[in-house]
Amino acid sequence: MLAATLAACGSASGSGSTTISLLAGGNDPVNTKFANDLATAFQKENPSITVKVETRPGGTDGDNLIKTRLSTGEMNDVFLYNSGSLFQALHPDSQLQPLTDEPWAKDLTDDFKKTVSTDKGLYGAPWGTTFDGGIMYNKKVYAKLGLSVPKTWDEFISNSEKIKAAGITPVIQSYGDTWTSQLFVLADFANISAQNPNWASDYTNNKAKYSNPPALAGFTHTREIFDKGLMNKDYASLTNVNALKMLATGKGAQYPMITSVIGNVVQSNPDQVNDIGYFAMPADSGDPHATVWAAFGAYIPKSTTDDKLAAAKKLVAFINSAKGCDIQNSVGTPAGPFATSACKVPDSAPALVKDELKYQDAKKTGLALEFLSPIKGPNLEKILIQVGSGISTDKEGAALYDQDVKAQAQQLGIKGW
């Protein structure tokens, strides 16, 4: 990376040279490597453009950093971030450059376009694959203990108690990275939609609450895992990266998580990648649906103009070029299908991708709530840490989140709030 940057800087004295900055999608190993490899390859193809990479924290801290930089006009020239409701919270029409007419836009899936667009245009290009939320589990532990993939929540608890009896941590929690506390709630949403297809629109229109079933279930399950002592003792400090190592080595058996993190296992425990499987969040009804997240987005802020804007658009286009797709496959580790026809999932994709495809083939999937509603309260992760640590009950946590959602909806100016 240093050599590539120096080489690019060496051309700075020539005419037409431009320097732009790229804000990575986080500070974990996969996001950091993807941003650096992308910059290196792009600079090789475009020697008159220098790309300076910066990393950022994940979770709420990262959200706040991005919002602050956008509002002050100090955002990096290209930044990698979520799509869906977190994208909508950036006020894209006033703070992002429209990308509707870029040549690569024609290759995007309709589902992805919805997650990075407003009525006024399209603002993002995809990077990485789509992915699912649910339970990542150690297949060897399941096989050793003679366990079957659970469909109901009661079956999940039964499996967890058998795993605990065998001296293995049943459910891994990693509140050291606060965002990871949300999965029992977020990954249950396809089950909510299956029960009530109108729940997302009712929620947006202030007619559905997390304090009531079926949405309360995620909060109840978060608290139940704590009450029954099914979590690792260091849940308050364990990080996502170390939780994945714990899962890969069989020290922990089940981890409520989004499958996009499988790339970190490729980095830390490559020999155990295919020991990890996936199943949808078990449903009280016994008919589990996999909750699907759209791909992340690459965006350009309004503060990027002139030569920097032209260079930034080249970088965004490069992400979904043939070489950009190769980088995504080699670094990001596919966790599901791509959101553009320009990129293909390789045959070497991790085993859990095949597990995800079973739900797709059976048409047992549903989009995560953040792609069906613009409202996501910013404090969900902190509220769920309280619930998952035994500080708040499930109903108290859900009521707190309903208030958090109300404040967010009012801030967004949504009618009926």
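**Packing, cores and local geometry of the predicted model**

In this predicted model, the buried residues of helix H12 pack against helix H8 (153-165), strand S8, helix H9 (183-186), helix H18 (380-388) and helix H19. Helix H12 spans residues 217-227 and is mostly covered, with 8 of its 11 residues buried. These are Ala217, Gly218, Phe219, His221, Thr222, Arg223, Glu224 and Ile225. Just after the helix comes glycine 229, with a positive phi of about 65°.

The approach to H12 is also worth a look. Proline 214 sits in the loop between helix H11 (199-204) and H12, and the peptide bond that leads from proline 213 to proline 214 is cis, its omega near 5°. Most peptide bonds, by contrast, are trans.

Helix H19, one of the partners of H12, covers residues 394-412 and contains alanine 399. Alanine 399 counts as partly exposed because its relative accessibility is 35%. Between alanine 399 and asparagine 212 there are 9.3 Å in space, C-alpha to C-alpha, although the two are 187 residues apart in sequence.

A second helix, H13 (residues 240-248), buries Asn240, Ala243, Leu244, Met246, Leu247 and Ala248. The cover over these residues includes strand S7 (131-138), strand S8 (169-171), strand S9 (252-258), helix H14 (262-268) and strand S10 (276-279). Strand S8 is thus named for H13 and also for H12. Glycine 250 follows H13 and has a positive phi, near 85°.

Turning to the interior, the largest nonpolar core has 76 residues. Met136, Phe156, Trp199, Tyr203, Tyr210, Phe219 and Ile225 have the most contacts inside it. Two of these, Phe219 and Ile225, are among the buried residues of H12. Leaving aside residues up to four places away in sequence, tryptophan 199 touches Phe189, Ile192, Ala208, Lys209, Tyr210, Pro214, Ala215 and Leu369. Pro214 in this list is the residue at the end of the cis peptide bond. A second core, separate from the largest, holds 46 residues, including Val51, Leu96, Leu315 and Val331.

Searching the whole structure gives 1 cavity of 30 Å³ or more, and the space in the largest cavity is about 80 Å³. Its lining consists of Val185, Leu186, Phe189, Tyr210, Trp293, Ala368, Leu369, Glu370, Ile375, Lys376, Leu380 and Tyr401. Sorted by class, the lining has 10 nonpolar and 2 charged residues, with no polar ones. Phe189, Tyr210 and Leu369 of this lining also appear among the contacts of tryptophan 199.

The structure holds 1 disulfide, which joins cysteine 325 to cysteine 343 with an S to S distance of 1.9 Å. The angle about the S-S bond is -70°, making the link left-handed. Because cysteine 325 lies in helix H16 (residues 322-332) and cysteine 343 in the loop between H16 and helix H17 (351-361), the pair ties together parts that are 18 residues apart in sequence. Both cysteines, 325 and 343, are buried.

Finally, a note on backbone angles. Most residues other than glycine have a negative phi. Histidine 91, however, has a positive phi near 55°; this residue lies in the loop between helix H4 (85-88) and helix H5 (92-95) and is partly exposed, with a relative accessible area of 40%. Aspartate 306 likewise has a positive phi near 55°. Aspartate 306 belongs to helix H15 (residues 306-319) and, with 64% relative accessibility, counts as exposed.

Terms used:
Residues numbered from 1 in each chain as written. Predicted model: local features only at pLDDT ≥ 70, side-chain atom pairs only at ≥ 80, totals over all residues. Heavy atoms only, no water. Disulfide = S-S within 2.5 Å. Helix = DSSP H or I, 4+ residues; strand = E, 2+ residues; numbered from the N terminus. Buried < 20%, exposed > 50% of the residue type's maximum accessible area, 1.4 Å probe, protein only. 1 Å grid on protein atoms, 1.4 Å probe; cavity = no way out; pocket = protein on both sides within 12 Å on 5 of 7 lines; lining within 4 Å. Points joined across faces, edges and corners; volume = space filled by probe spheres on them. Nonpolar A, V, L, I, M, F, W, Y, C, P; charged D, E, K, R; others polar. Core = buried A, V, L, I, M, F, W, Y, C linked by side-chain atoms within 4.5 Å. Contact = heavy atoms within 4.5 Å.
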